[in-house]
Amino acid sequence: FDAVTVTDIAAQAGISRRTFFRYFHVKDDVVFEWMNEQGEFSRPVLKSCLATKNPLQAMCHTYTELARHQELRWQDVGFITRLIFGVPLLSGRFHGEHAKWESEFVRIIADRKPSSDEELFLIQVQVAIATAAYVMAIKTWAAGDIAKPLHPIVEAVFDALEKGVSQMRNRK
């Protein structure tokens, strides 16, 4: 990634550097355009399931549906994910982008009903945990055989989370 220049990218795309910078501020914006698309996909999924699911269940459903959606372009998503986790600068931005998602998902969930400070804190924790679980799943998938579906790994990560929560409750 570091060896490829904006000039290289523009030439490969058949555009000028000037045209490139009309669409992207920096080179890594090209890599993260797909995250914007994934966020656009995720928001209505989350909104649609909040009437019947608690926040953690809604996040699990949202991320599972996102995984299914990403499977439609598994080669692109696999390549981009491997690139992101192989380049420290991109990995840092990836986590920053997910932090933005977290804030937006918290707002979507909290907007469904007025929340006390304690309820808002619980929503924030659940969204952060769900996002971390999803990141774990996608990292695991990208490190393995990306030709295999992503959604079973996402489901397994959320099953493990649920199992861990159940075990903690049973210890009380």
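**Exercise 1. Decide whether Thr62 is buried or exposed, and find its surroundings.**

Step 1. Take the relative accessible area of Thr62, which is 0%. Apply the cut-offs: buried is under 20% relative accessible area, exposed is over 50%, and partly exposed is in between, with a 1.4 Å probe and protein chains only. Thr62 is therefore buried.

Step 2. Note the basis of these values. This is a predicted model, where local features need pLDDT of at least 70 and side-chain atom pairs count only at pLDDT 80 or more, while totals for chains, interfaces and linings use all residues. Residues are numbered from 1 along each chain as its sequence is written, and side-chain values use heavy atoms, with hydrogens and water left out.

Step 3. Place Thr62 in its element. Thr62 belongs to helix α4, residues 55-70. Helices (H or I, at least four residues) and strands (E, at least two) are DSSP runs, numbered from the N terminus.

Step 4. List the contacts, meaning heavy atoms within 4.5 Å. With neighbours within four places in sequence set aside, Thr62 touches Ser42, Val45, Leu46 and Cys49. A polar atom of the Thr62 side chain lies 3.5 Å from the backbone nitrogen of Leu46.

**Exercise 2. Follow one of these contacts to Ser42 and describe its setting.**

Step 1. Ser42 sits in helix α3. At 0% relative accessibility, Ser42 counts as buried.

Step 2. Look for partners beyond four places in sequence. Ser42 is in contact with Thr62, Leu66, Trp101 and Phe105.

Step 3. Check the side chain. One of its polar atoms lies 2.8 Å from the backbone oxygen of Gln38.

**Exercise 3. State how exposed Glu40 and Val165 are.**

Step 1. Glu40 is in helix α3, residues 28-49. Its relative accessible area is 52%, so Glu40 is exposed.

Step 2. The side chain of Glu40 makes a polar contact with the side chain of Arg43, at 2.3 Å. A polar contact is a pair of N or O atoms within 3.5 Å; within protein, one must be able to donate a hydrogen and the other to accept it, and residues adjacent in sequence count only if both atoms are side-chain atoms.

Step 3. Glu40 and Phe85 are 45 residues apart along the chain, and their C-alpha atoms are separated by 22 Å.

Step 4. Val165 lies in helix α8. With a relative accessible area of 29%, Val165 is partly exposed. From Val165 to Ala133 the C-alpha distance is 13 Å, across 32 residues in sequence.

**Exercise 4. Describe how α4 packs against α8 and α7.**

Step 1. Choose the descriptors. Two packed helices are described by the angle between their axes and the distance between the axes. Axes are lines fitted to C-alpha atoms, for helices over the stretch in contact, and angles run from 0 to 180 degrees between N-to-C directions.

Step 2. Start with α8, residues 151-171. Its axis is 8 Å from that of α4, at an angle of about 160 degrees. The two helices are therefore roughly antiparallel. Angles under 35 degrees count as roughly parallel, over 145 as roughly antiparallel, 65 to 115 as roughly perpendicular and the rest as oblique.

Step 3. Name the residues. On α4 they are Leu56, Cys60, Tyr63, Thr64, Ala67 and Arg68; on α8 they are His151, Val154, Glu155, Phe158 and Leu161.

Step 4. Turn to α7, residues 117-143. The axes of α4 and α7 come within 9 Å and cross at roughly 30 degrees. That makes α4 roughly parallel to α7.

Step 5. Name this contact too. Pro55, Leu56, Met59, Tyr63, Leu66 and Gln70 of α4 meet Ile123, Gln126, Val127, Ala130, Thr131, Tyr134 and Ile138 of α7.

**Exercise 5. Determine how α5 is oriented against α7.**

Step 1. Helix α5 spans residues 74-86, and its axis is 9 Å from that of α7. The packing angle is about 100 degrees. α5 and α7 are therefore roughly perpendicular.

Step 2. From α5, the contact takes in Trp74, Val77, Gly78, Thr81, Arg82 and Phe85. From α7 come Val135, Ile138, Lys139, Trp141 and Ala142.

**Exercise 6. Summarise the whole chain.**

Step 1. The protein chain has eight helices and zero strands.

Step 2. Of its 172 residues, 37% count as buried.

Step 3. The C-alpha trace spans about 60 × 35 × 25 Å along its principal axes.
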